[in-house]
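User: Could you show me how to read a helix, and then a ligand shell?

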Amino acid sequence: MAADPSPAHDLPVYVIGAGPGGLAVAAVLRRRGVRTVVLEKSDAVGASWRRHYARLRLHTTRRRSSLPGLRMPRSFGRWVARADVVRYLEKYALHHGLDVVTGVEVTRVERAPDGPGWLLHATGGRRLRCRAVVVATGFNHTPRLPDWPGRASYGGELLHASGYRDAGPYAGKDVLVVGVGNTGAEIAVDLVEGGAARVRLAIRTVPHIVRRTTAGWPAQSTAILIRRLPAWLVDPAAAVLCRISLPNLAAQGLPRPRTGLYTRARQGAIPVQDVGLLDAVRKGLVEPVAAVESFEHDKVVLTDGSRVSPDVVIAATGYVRALEGLVGDLGVLDARGRPVVHGARSPKGAPGLYFTGFTNPISGMLREMAIDARRIGRRIAKSPAA
Ligand SMILES: Cc1cc2nc3c(=O)[nH]c(=O)nc-3n(C[C@H](O)[C@H](O)[C@H](O)COP(=O)(O)OP(=O)(O)OC[C@H]3O[C@@H](n4cnc5c(N)ncnc54)[C@H](O)[C@@H]3O)c2cc1C
């Protein structure tokens, strides 16, 4: 399919990805009268939320997770369930009359060779010309599975957390969950509640754990208040709060972290919100163990030298942003594959190219994506074609 040679001002804006980040930008642009098309590789909006595990609820409040131009209804409660997030995203696209084209995967973004704007290469041989492009492909779609020695010849069952839906298949089984971010912590608790025979949690770096609310005050509100303060101020205060409000589980294998909460958050490790992990560890229902070092036939070798033989290993080891194929040629990614800018700024030498959803802010990603959407919308609406 040939690229559209229309003059720049007639060209649409393409948003890649119909998750919350992409839908929010499209809604703002539409309200500003900018012709915008959202390209989505799956068959519906909110694809990543359709795949998440069943018990998932937002750990950010409903009020602070709504996207521009449509609040989540009160009936969703304060901590919105996964299925309601999907419902909200469906309604959001309809409410704003968004032009979402599903089943189209953008494979490469390049500068238009013959004039202003951008050229997208997409499945089905499509070549799509646009005045600006917003990359909102998310960073939770390509699982990161560490290349542990012996992994390929491991005889047991090993899956990434992205393949976990609920505890049903693991009832009566001995399960090792690897990684203690929010996902690993929540899956471990889900397994306990779902009747797994034994649940161990392999921990490489002890996480900061915070209560979702303290006396009705959400952790997210604290995060918003402190996010511009220096770490040297926040870290000691957070340590005191942690000592007062959380049990010391060092004897159960979950000591308090040595590095400050905010220092770690700035390195990308946001705190784990407690949805039952502390209680499960205190009762011995989740057993913290050392990190995974390697695999040996049907055994898992831990960094303290011990060997365990679980029935199933669930790797809650995160995701990679996987932007290299899409924009890797443009010099807009840093050494870790992250966009060099986000929000309303375009990378140097790539005017009209925007990214949203590739940071992991302590104040909540949905909230930050809503802020980015307004800024990106304003910037694009004011800009001539690049
Ligand atoms: C388990 C979990 C819980 C979370 N809980 C919270 C929370 O409580 N509060 C909060 O604020 N944040 C939370 N987040 C973080 C964040 O808000 C979500 O991940 C959110 O879905 C990110 O939105 P997004 O639009 O950037 O990406 P996604 O929701 O991943 O959407 C990206 C879309 O792009 C599509 N796509 C990808 N590549 C292409 C391509 N090449 N061409 C076309 N389409 C493509 C995908 O199919 C997908 O539909 C959570 C994340 C996870 C993983």
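User: Which residues of α3 are buried?

Analyst: V85, Y88, L89, Y92 and A93 are the buried residues of α3. Buried means 20 or more other C-beta atoms within 10 Å of a residue's own, exposed means 12 or fewer, and partly exposed lies in between, with C-beta atoms placed from the backbone. Helices (H or I, at least four residues) and strands (E, at least two) are DSSP runs, numbered from the N terminus. This is a predicted model, where local features need pLDDT of at least 70 and side-chain atom pairs count only at pLDDT 80 or more, while totals for chains, interfaces and linings use all residues. Residues are numbered from 1 along each chain as its sequence is written.

User: Why do the buried residues sit on the same side of α3?

Analyst: An α-helix has 3.6 residues a turn, so residues three or four places apart point the same way. Here the buried residues cover an arc of only 130° around the axis, which puts them on the same side of α3; the arc is that of the directions from the helix axis to the C-beta atoms. L94 and H95 are exposed on the face turned away from that buried side.

User: Which residues come nearest to the ligand?

Analyst: A residue is near a molecule if its C-beta atom, placed from the backbone, lies within 6 Å of it. Among the 33 residues around the ligand, the nearest are G17, G19, G21, G138 and G357. Elements that each supply at least two residues of this shell include α1 (20–31) and α10 (365–382).
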